[in-house]
Every structure is written in C-alpha cells, then in structure tokens.
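Thank you all for coming. I would like to take a few minutes to walk you through a structure that may be new to most of you, so please have the picture in front of you as I talk.

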Amino acid sequence: MNKKNKIDNLCNHPDCEMAGEFRAPKNYQNLNDYQWFCLEHIKEFNKKWNYHLKMDADQIETDLRFDTIWRRPTTSFGSGRRFYDFTINGEDMGSFENPSKSTNQSNKLLLSLSELNLDINTDIKLIKKRYKELAKLHHPDVKGNSKKSIDKFRKIVEAYNYLLDRYKK
Ligand SMILES: [Zn+2]
C-alpha cells in the first residue's frame, strides 16, 4: 500500500513535492485507477509505460480508453512551448504551457499568490498547506472533469509549482 493516499494532490513519485497534475493509470488491468504525477515524473512514467506497452501490446485490450484518460504528449514533446495536450474523456481541454514563458515574473508571483489566497510574506509551509486545502477542494477526482473545474485545478497547480520554486531554500 502506497503511503500517499489517492487524493493528496502531490506527485506520486517518492520524495517529490511538486503538484500531481498529470493523471496516469496505475496499471493496464485497471485503467480507471489513477495516480498523479508532476510534469517531470509523468514524462518518466510515459517513457516506461510506452516501453511496456510495446512489450505487452497483445495483452492490452484497446488503447481507446488509454487515450481518453491520458494527457498525451504532442509531437513537439520536449522541444516546443507546448508540453501536453490535455484530453479528458475525449474532450480537448486545451494545452498546458510553460507558465513562466509569457507572463512577466513579478506579475506571475502576485497572480500565483492570489490564486492561493496568500500574501507576499507567506512561507513554504503555508504555501503547501494552502495548496493541499485548495487542491483537495478543486481536484478533478472530486469536482468532475468539466472544463471549468479542470481550469481551476490547473491554475491552483501552476500557482503552487511556481511558488514552491520561488520560496524554497
Ligand atoms: Zn514529481
């Protein structure tokens, strides 16, 4: 049994404190049982998964369901601005882009703080605490997969990851 529970909103990789924003199936047998990873670790998972997918191709009934729950890497994976198309139940939710790219940094800081209802004098402990509260509230596993709730969850996740980076050390 994993020590992290199903909806703790953090990356499922041991020792990783980033937000778990990318959903992945736990195994081939039960594609509806999810775990969550940060961008770095979803890439790692994706690599392993594809490897096993190739090895076990005939054991997999269909990759249709796989497609519906997986945020698939685009063709520009790793090279362009766009990392993942975000698809849930076949509906395109837009794409996840590197948040630091287009937004001015101090603006980004203020937006991220306000997204988590924090002020500039916050610290890493409070950021984590607030993130867990909000992410639990707005988690797609709780709120459902509507575009509106996904957008809200993604904003919280982006804010958290940004602040985690800004305030650590
Ligand atoms: Zn991670």
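I will start with the chain as a whole, then turn to its core and its helix packing, and end with a few single residues.

Please keep in mind throughout that this is a predicted model. The chain has 169 residues, of which 23% are buried, and its secondary structure comprises seven helices and four strands. If you follow the chain from the N terminus, the elements come in the order β-β-α-α-β-β-α-α-α-α-α. As for contacts between residues at least 6 apart in sequence, 42% of them join residues that are at least 24 apart.

Let me move to the interior. The largest nonpolar core consists of 21 residues, and those with the most contacts inside it are Ala19, Leu116, Tyr131, Ala135, Ile156, Tyr160 and Leu163. Two or more residues come from each of strand S2, at 34-37, helix H5, at 124-138, and helix H7, and it is H7 that gives the most, with seven residues. To take one of the core residues, Ala19 is in contact, once its neighbours within four places in sequence are left aside, with Asn9, Leu10, Cys11, Cys38, Tyr131, Ala135, Val157, Tyr160 and Asn161.

How, then, do H5 and H7 pack, and at what angle? The angle is about 170°, with the two axes 10 Å apart, and since angles over 145 degrees count as roughly antiparallel, that is how H5 is placed relative to H7. On the H5 side the contact is made by Ile124, Ile127, Tyr131, Leu134, Ala135 and His138, while H7 brings Ser149, Lys152, Phe153, Ile156, Val157, Tyr160, Leu163, Leu164 and Tyr167. By type, the residues of this contact are twelve nonpolar, two polar and one charged.

H7, which spans residues 147-167, also packs with helix H4, residues 105-115, here at an angle of about 120° and with the axes 9 Å apart. H4 and H7 are therefore oblique to each other, and their crossing is left-handed. In this contact Lys108, Leu109, Ser112, Leu113 and Glu115 of H4 meet Lys155, Ile156, Ala159, Tyr162, Leu163 and Arg166 of H7, a group that divides into six nonpolar, one polar and four charged residues.

I would like to finish with three single residues. Two of them concern the backbone, and as background, most residues other than glycine have a negative phi. Asp15, in the segment before strand S1 at 22-25, has a positive phi near 70°. Is Asp15 buried or exposed? Asp15 counts as exposed, because it has 5 C-beta neighbours inside 10 Å. Asn117, located in the loop between H4 and H5, likewise has a positive phi, of about 55°, although it is not a glycine, and with 10 C-beta neighbours inside 10 Å Asn117 also counts as exposed.

The third residue is Asp165, which belongs to helix H7 and is exposed, with 12 other C-beta atoms within 10 Å. Asp165 and Met18 are 147 residues apart in sequence, and yet their C-alpha atoms are 9.3 Å apart in space.

That is where I will stop, and I am glad to go back to any part of the picture.

Note on methods: Residues numbered from 1 in each chain as written. Predicted model: local features only at pLDDT ≥ 70, side-chain atom pairs only at ≥ 80, totals over all residues. Axes fitted to C-alpha atoms, helices over the stretch in contact; angles between N-to-C directions. Parallel < 35°, antiparallel > 145°, perpendicular 65-115°, else oblique. Left-handed = near helix turned anticlockwise from the far one by under 90°. Contact = placed C-beta atoms within 7 Å. Nonpolar A, V, L, I, M, F, W, Y, C, P; charged D, E, K, R; others polar. Buried ≥ 20, exposed ≤ 12 C-beta atoms within 10 Å, placed from the backbone. Core = buried A, V, L, I, M, F, W, Y, C linked by C-beta atoms within 7 Å.
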